[in-house]
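Please look through the sequence and the fold shown below before reading on.

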Amino acid sequence: MITRRTLMQTGAALGATLAMPHIARASGKMIRIAHASNEIHPGHKLATSFQEALDDILPGGFNVQIFPNRQLGGDKQVLEATVAGSLEMSMVSGVLIPLVTGRPAYDAWQLPFLVRDYDHFEKIALSPAGQKLQDDLEPSGIIGLATADIGQRNFLSVNSQVRSVADMAGLKTRIVPVPLHKAIWEALGTAPVGLPYGEVYGALETGVIDAVEINVSSMLGENLWEIGKNFTLTGHYPWHASNVVSTGFWNTLSDEEKEAMREAGRRSTSATLAYAKEQDLNGRAELQEKGVEIIELDNLAEMRDTVAPLTAEWAEKDPLIAEFVETASSTA
């Protein structure tokens with residue numbers, strides 16, 4: 001069994017290697033893409049597939065270096081650096097984008113049970129409504145080039161199995177401390193606890209939290225299966241992530257280079273969703289092999305009904321959210 005001590009020893013041994021970028025090209029304009037995920041996570045795939053597509057579309061045009069594993073900081077830090085223009089690009093969790101930029105429309109992706117699955121996500125992401133969410137970021141100092149689901153969210157608990165909505169009552173549940181997540185998990189009766197992603201393992205281990213809403217990729221990538229053995233399938237919303245580029249860097253590019261980057265973004269969206277979909281299904285079997293029980297929620301319809309009013313509430317906050325809801329609801 002891989003233990004936390006083993007991981008720490010391995011990390012120390014590979015420290016010098018991890019200090020190097022994942023991918024480097026010898027020529028072209030420099031682009032550093034930083035993110036917080038490890039190399040098996042779909043978020044890393046969103047970065048690498050962007051690089052691969054860009055190299056295919058405009059060979060030698062860019063020198064792309066990818067820094068995974070929080071090498072240049074956590075999600076919030078690399079996003080802030082991209083907004084400030086001190087970093088060309090970052091791959092970040094979409095939930096943080098409204099928090100850092102003040103642009104609320106990106107919340108639309110995580111309205112509960114609105115986006116049904118990975119295929120549905122792709123259709124919406126490549127639609128005009130999906131593009132408008134990305135374009136809306138420009139006044140804040142970044143432009144969205146790709147958005148993908150890097151893992152549909154489910155519910156992991158440590159000490160008790162969650163088989164119904166009632167079983168969630170009172171559980172100290174880790175969330176990203178943003179208004180939408182707080183509203184969702186309070187409506188479901190949990191006691192939400194805002195914690196950084198990197199602190200989840202320790203918080204589960206020490207009992208600071210009882211549960212976390214999480215995806216399969218993070219369960220595996222962060223070794224959360226060592227602590228939590230009860231994984232309830234709820235699929236309550238996607239975990240959207242985006243490749244975003246600093247407008248300062250963007251404004252140095254030619255029209256040809258800009259179009260190459262936009263096309264690379266579209267291709268990386270599709271490639272990442274295919275990867276995430278496969279990893280999600282295969283990862284469930286891997287979790288079972290590691291001793292995790294996969295549980296079906298008895299009353300998923302009750303969960304949907306409980307949080308359904310939040311979609312209408314959030315649609316009133318921004319016309320782009322309202323348009324997104326309409327597109328998602330009408331897309332087969």
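The paragraphs that follow take up two sheets, a pair of helices and a salt bridge.

This is a predicted model, in which local features need pLDDT of at least 70 and side-chain atom pairs count only at pLDDT 80 or more, whereas totals for chains, interfaces and linings use all residues. Residues are numbered from 1 along each chain as its sequence is written, and side-chain values use heavy atoms, with hydrogens and water left out.

One open sheet is built from five strands in the order β2-β1-β3-β10-β4, with mixed pairing; helices (H or I, at least four residues) and strands (E, at least two) are DSSP runs numbered from the N terminus, and two strands pair if DSSP finds at least two bridges between them. Because β2 and β4 (142-149) stand at the edges with a single partner strand each, one side of each has no neighbour in the sheet. From one strand to the next the twist averages 20°. Strand β10 (residues 240-246) runs antiparallel to β4 and is joined to β4 by seven bridges, and within this pairing Ile 142 stands opposite Ser 246 in β10. Helix α12 packs on this sheet, touching β1 (29-34), β2, β3 (89-93), β4 and β10, and its direction makes about 20° with that of β4; contact here means heavy atoms within 4.5 Å, and angles run from 0 to 180 degrees between N-to-C directions, with axes fitted to C-alpha atoms, for helices over the stretch in contact.

The helix α12 (residues 255-289) also meets α6 (residues 118-125), their axes coming within 10 Å and crossing at roughly 165°. The two helices are therefore roughly antiparallel to each other, a term used for angles over 145 degrees. The contact involves, among others, Tyr 118 and Phe 121 of α6 and Leu 273 and Ala 276 of α12. The contact residues divide into five nonpolar, two polar and four charged, where Ala, Val, Leu, Ile, Met, Phe, Trp, Tyr, Cys and Pro count as nonpolar, Asp, Glu, Lys and Arg as charged, and the others, Gly among them, as polar.

A further open sheet has six strands in the order β7-β6-β8-β5-β9-β11, again with mixed pairing, and its edge strands are β7 (191-194) and β11 (293-296). Strand β9 (residues 230-233) pairs with β11 in the parallel sense over four bridges, and Leu 233 stands opposite Glu 296 in β11.

The structure holds 16 salt bridges, each a side-chain nitrogen of Lys or Arg within 4 Å of a carboxyl oxygen of Asp or Glu. One of them joins Arg 70 to Glu 222, with the closest N and O atoms 3.5 Å apart. This pair links distant parts of the chain, 152 residues apart, Arg 70 lying in the loop between β2 (62-67) and α4 (75-84) and Glu 222 in the loop between α10 (216-221) and β9.

Note on methods:
Angles under 35 degrees count as roughly parallel, over 145 as roughly antiparallel, 65 to 115 as roughly perpendicular and the rest as oblique.
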